[in-house]
Amino acid sequence: MMTIISAPGDLIVATKDGVDVRFAGVESIADAPFSATEWLGKQGIRLHLEGIRSPETQRRDEHHVKEISQWANLRERDGAEAAGDAPAMPGQLVLGPVGADISDDLGTIYRWSAGQVAGSGSDWDATWVYLPEPPAAARFLRIEFTLDGEPTGKTCKVQLG
């Protein structure tokens, strides 16, 4: 079990393009829900983030619906190759650049291994998986949040065990 010792009072850890991103939790996991060979039989840390719903997220969702409709029409008219990939969900563009540098009191450095982002309609959330699992002797995790690889100045301290 992990217990948050300190965190920003509002849990806002980054702001990207006018959308605030909230720290939504951290947990130890075994068997990641992502398909990555690196994961097989390993344990790690799962970090949860969410975009705070606002008029800006609603505007982006509405714009995305229009983009998807245009893309679908192009695909129908000119074929899949001509249409290319579907437009990215707006939550991907906002949450994707938000990450974390994670370390513990023993000096273990955790690296990002896998993740998934949702972000159109009601869901604006990201789940990032970091390896390795914390050593048994580790007592604390320090989570320093980043935006486009640069520290945001927001950190959390989490007690392990």
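Does R60 count as buried or exposed, and at what relative accessibility? In this predicted model, R60 counts as buried, at 15% relative accessibility, and the residue also takes part in a salt bridge with E56. A search of the whole structure finds 8 salt bridges, and this briefing takes up those made by R22, R59 and R60, before turning to the surroundings of T108, a residue in the loop between β5 and β6.

**Salt bridges within helix α1**

- R60 pairs with E56 in a salt bridge whose closest N and O atoms are 2.7 Å apart, and the two residues, being 4 residues apart in helix α1, are separated by about one helical turn.
- E56 also meets the side chain of R59 in a salt bridge, with an N to O distance of 2.7 Å; here the partners are 3 residues apart, about one turn of the helix, and both lie in helix α1, which covers residues 55–78.
- Salt bridges that share partners therefore join E56, R59 and R60 into one network.
- The members of this network have these accessibilities: R60 is buried at 15%, whereas E56 is partly exposed with a relative accessible area of 22%, and R59 is partly exposed with a relative accessible area of 45%.
- R60 is classed as buried because its 15% relative accessibility falls under the 20% cut-off for that class.

**A salt bridge between strands**

- The side chains of R22 and E50 meet in a salt bridge, with 2.6 Å from N to O.
- R22 belongs to strand β3 (residues 19–30) and E50 to strand β4 (residues 43–51), so this pair ties together parts of the chain that are 28 residues apart in sequence.
- R22 is partly exposed, with a relative accessible area of 27%, and E50 likewise counts as partly exposed, at 27% relative accessibility.

**The surroundings of T108**

- T108 is found in the loop that runs between β5 (98–104) and β6 (109–120), and this threonine is buried, with a relative accessible area of 18%.
- The side chain of T108 is joined to the side chain of D104 by a polar contact of 2.9 Å.
- When residues up to four places away in sequence are not counted, T108 touches I102, S103, P132 and P135.

Notes: Residues are numbered from 1 along each chain as its sequence is written. This is a predicted model: local features need pLDDT of at least 70, side-chain atom pairs count only at pLDDT 80 or more; totals for chains, interfaces and linings use all residues. Side-chain values use heavy atoms; hydrogens and water are left out. A salt bridge is a side-chain nitrogen of Lys or Arg within 4 Å of a carboxyl oxygen of Asp or Glu. Buried means under 20% relative accessible area, exposed over 50%, partly exposed in between (1.4 Å probe, protein chains only). A polar contact is a pair of N or O atoms within 3.5 Å; within protein, one must be able to donate a hydrogen and the other to accept it, and residues adjacent in sequence count only if both atoms are side-chain atoms. Contact means heavy atoms within 4.5 Å.
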